[in-house]
Amino acid sequence: MMLPRRRFLGLAAAAGVAGCSQPGPVEPSPSPAPSSPGPSPLVGSRSPSATPSPTPTATELGEPQATDLITGLTSPWGLIPLQDGSFLVSERDTREIKRIVGKEAEVVATVAEAEPNVEGGLLGIAASADERVIFAYFTTGTDNRVARFSWNGNQLGQPDVILQGIPHGARHDGGRLRVGPDDLLYVSTGETGDPDLAQDRDSLAGKILRIRLDGTPAPGNPFDSEVYSYGHRNVQGLAFDPQGRLWASEFGDQTWDELNLIEAGGNYGWPLVEGEGGGTDLIDPQAVWSTSDASPSGLTYWKGSLYLAALRGERLWEIPLNGDRAGEPIAHFTETYGRLRSVEVAADGESLLMLTNNTDGRTQPRDGDDRLLRITR
């Protein structure tokens, strides 16, 4: 089945703040590529005959409104909304995981092994379904790692490294974690600035990995390893829709940032192609943006749409879904809060939560940065 050719440009004014992506000439390729074979029955599967459930449109939902929950965070990266109404936030440069209750932030763990660099440090966090285990992705002096911590609702236990040896660099370290509906852990990695690693299926760099919660490769992975999909430049957003399909947001280089629908064993083209048109063996993105409009990081699904936090683009993108097809993106909060790192659904499902990222050295912090905001509509 052919994926749609979509280029979304000029929907909002481009921001001039430097991000991981660099601006450059637009050179779209003309030919779309079909999807790769072999999707799993739950994640990345595609059901063109299925009728999607009715969901409210953006107009019906109304314009989103943002309210500060807490200010004064330092380089926040990962976010977990907990069932008790509190939040866990990881800070890249302090190496701390903080629990936020009301307006107070308490340090519940410091990941001593983490060594912050230009883009690395303490990155994404995720929770098991019962919230008894917290996972963290972090950069050390030699690699990127995933560790698990016990969680009793007040304090994290000592880290237990379950996956190591993920290549690391000063940039493109990936770092997003997501526990899927199959109770497996999905891990996004970057190609560390070495594009050839993305096509090397024996390397963990430039991939989406799928592992059990103990760190071993998930059963049914396409290459008998941790690798689930490959050909990625730097994925920093992972999200599941209600049908169990996995979506990923990915940094482009000179031309196109991407939103991809992930299939088991799929090759997403980097560095053979940026954007779409890579040929019959590569999977085209569902949507692309000029690198000045996005530099996409966090991603989540809420009320019929994907929401994508943009760093350099300084806006929250809403992408309506019609089954397994991405619709026309809508920009919210353009240049209002600066760089946006993460977006998640609140535990009760009634609002979104969003982290700014203006204290990470890429821009001038604003008064109150960095902040956690609640988005309602």
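Two strands count as paired if DSSP finds at least two bridges between them. Keep that in mind for the first two views of this predicted model.

**View 1. An open, antiparallel sheet runs in the order S10-S11-S12-S13.** This sheet has four strands. Its edges are S10 and strand S13 (227–230), and each of these pairs on one side only. From one strand to the next, the twist averages 20°. Look between strand S11 (residues 185–188) and strand S12 (residues 207–211): four bridges join this antiparallel pair. For a landmark, find Tyr186, which stands opposite Arg210 in S12. Pairing of this kind rests on a familiar principle: strands of a sheet are held to one another through backbone hydrogen bonds, either parallel or antiparallel.

**View 2. Another open sheet has the order S6-S7-S8-S9.** Here, too, there are four strands with antiparallel pairing. Strand S6 (122–127) and strand S9 (160–166) form the edges, each with pairing on one side only. Leaving direction aside, neighbouring strands in this sheet are turned by 15° against each other on average. S6 and strand S7 (residues 133–139) run antiparallel and are joined by four bridges. To find your place in this pair, start at Ala127, whose bridge partner in S7 is Ile134.

**View 3. Glu318 makes side-chain polar contacts with Tyr307 and Arg377.** Glu318 sits in strand S20 (residues 315–322). Is Glu318 buried or exposed? Its relative accessible area is 1%, and because anything under 20% is classed as buried, Glu318 is buried. The contact from the Glu318 side chain to the side chain of Arg377 spans 2.9 Å. The contact to the side chain of Tyr307 spans 3.5 Å.

**View 4. A salt bridge joins the side chains of Arg371 and Asp68.** The N to O distance is 2.7 Å. Arg371 belongs to the loop between strand S24 (352–356) and strand S25 (372–376), while Asp68 belongs to strand S1 (residues 65–70), so this pair ties together parts that are 303 residues apart in sequence. The two partners fall into separate exposure classes: Arg371 is buried, at 10% relative accessibility, whereas Asp68 is partly exposed, at 30%. Take a moment to find Asp369 as well, which is in the loop between S24 and S25. Asp369 is buried, with a relative accessible area of 11%. The C-alpha atom of Asp369 is separated by 9.1 Å from that of Ser75, although the two residues are 294 residues apart along the chain.

**View 5. Arg339 and Asp360 form a salt bridge, with their closest N and O atoms 2.8 Å apart.** This pair links distant parts of the chain, 21 residues apart: Arg339 is in the loop between strand S22 (330–332) and strand S23 (340–345), and Asp360 is in the loop between S24 and S25. Arg339 is buried, with a relative accessible area of 2%. Asp360 also counts as buried, at 8% relative accessibility. Which residues do salt bridges with shared partners join into one network? They are Asp68, Asp369 and Arg371.

**View 6. Lys98 and Glu96 meet through their side chains in a salt bridge.** The N to O distance is 3.8 Å. Lys98 is buried, with a relative accessible area of 14%. How many salt bridges are there by this rule? The count comes to 19.

**View 7. The largest pocket has a volume of about 770 Å³.** Its lining is made up of 26 residues. Which of them lie nearest its centre? They are Arg178, Val179, Thr300, Glu344 and Val345. The elements giving two or more residues to the lining are strand S2 (76–81), S6, strand S10 (177–179), strand S14 (235–240), strand S18 (296–302) and S23. S6 will be familiar as an edge strand of the sheet in View 2, and S10 as an edge strand of the sheet in View 1.

**View 8. The second largest cavity has a volume of about 60 Å³.** The structure holds two cavities of 30 Å³ or more. Among the residues lining the second largest cavity are Phe251, Trp256, Tyr268 and Trp270. The lining also includes Arg233, Glu250, Asp253, Glu258 and Glu274. Gly252 and Val273 are part of the lining too.

Terms used:
Residues numbered from 1 in each chain as written. Predicted model: local features only at pLDDT ≥ 70, side-chain atom pairs only at ≥ 80, totals over all residues. Heavy atoms only, no water. Buried < 20%, exposed > 50% of the residue type's maximum accessible area, 1.4 Å probe, protein only. Polar contact = N/O pair within 3.5 Å; in protein donor to acceptor, adjacent residues only side chain to side chain. Axes fitted to C-alpha atoms, helices over the stretch in contact; angles between N-to-C directions. Salt bridge = Lys/Arg side-chain N within 4 Å of Asp/Glu carboxyl O. 1 Å grid on protein atoms, 1.4 Å probe; cavity = no way out; pocket = protein on both sides within 12 Å on 5 of 7 lines; lining within 4 Å. Points joined across faces, edges and corners; volume = space filled by probe spheres on them.
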